[in-house]
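Here is a short report on one model. It covers a helix, what covers that helix, and a surface patch.

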Amino acid sequence: MIMMTILIMIFIIFSNIFMLISMLISKKSFIDREKCSPFECGFDPKSIARIPFSLHFFLITMIFLIFDVEIALIFPIIPTFKMVNFLSWFKISFFFIIILLLGLYHEWNQNMLNWTN
């Protein structure tokens, strides 16, 4: 038991030493102005790099992710067709697809699917 405690302490000490060495090695000691500037084919940047991001791109991405996850949830419904009662399978599948269609209708109704405003 004492040997195990000593080994754990040695392991912790060595891991802390390695982490300290890696932090010291990886620190940047020289900050170059050119390396910190945005790169545009060797020319000086004509505009600021932090332009506002359109919220519409974010919403389209969220819609894609939501429907992508829903497709991944639909795939297991197909193989379970032969394993369960048809009526319960139909009710669950119908309910799930109705929820998807209601979500699609809501997005359409809120004009989230229109690319231009």
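Which residues of α3 are buried? The model is predicted. In it, the buried residues of α3 are H56, I63 and E70. They cover an arc of only 55° around the axis, so they sit on the same side of α3.

The length of α3 checks out. Helix α3 runs over residues 55-74 and has 20 residues. At 1.5 Å a residue, the expected span is 28 Å. The end C-alpha atoms of α3 are 29 Å apart, which agrees.

What covers the buried residues of α3? Helix α4 (86-109) is included in that cover. E107 belongs to α4. Leaving aside neighbours within four places in sequence, E107 is in contact with I63, F67, M112 and L113. One of these, I63, is among the buried residues of α3.

I13 lies elsewhere, in helix α1 (residues 2-26). Is I13 buried or exposed, and what about E107? The table gives both.

| Residue | Helix | Relative accessible area | Class |
|---|---|---|---|
| I13 | α1 | 47% | partly exposed |
| E107 | α4 | 13% | buried |

The cut-off for buried is under 20% relative accessible area. E107 has 13%, so E107 counts as buried. I13 has 47%, which lies between the limits of 20% and 50%, so I13 is partly exposed.

I13 also belongs to a nonpolar patch on the surface. Its members are I2, M3, I6, L7, M9, I10, I13, F14, I17, F18, I21 and I25. Together they have about 1200 Å² of accessible area.

Technical notes: Residues are numbered from 1 along each chain as its sequence is written. This is a predicted model: local features need pLDDT of at least 70, side-chain atom pairs count only at pLDDT 80 or more; totals for chains, interfaces and linings use all residues. Side-chain values use heavy atoms; hydrogens and water are left out. Patches are made of residues with over 30% relative accessible area and no salt bridge: like charges are joined within 9 Å, nonpolar side chains (Val, Leu, Ile, Met, Phe, Trp, Tyr) within 5 Å. Accessible areas come from the Shrake-Rupley method with a 1.4 Å probe; for residues, only the protein chains shown count as cover. A salt bridge is a side-chain nitrogen of Lys or Arg within 4 Å of a carboxyl oxygen of Asp or Glu. Helices (H or I, at least four residues) and strands (E, at least two) are DSSP runs, numbered from the N terminus. Buried means under 20% relative accessible area, exposed over 50%, partly exposed in between (1.4 Å probe, protein chains only). The expected span of a helix is 1.5 Å times one less than its number of residues. The arc is that of the directions from the helix axis to the C-beta atoms. Contact means heavy atoms within 4.5 Å.
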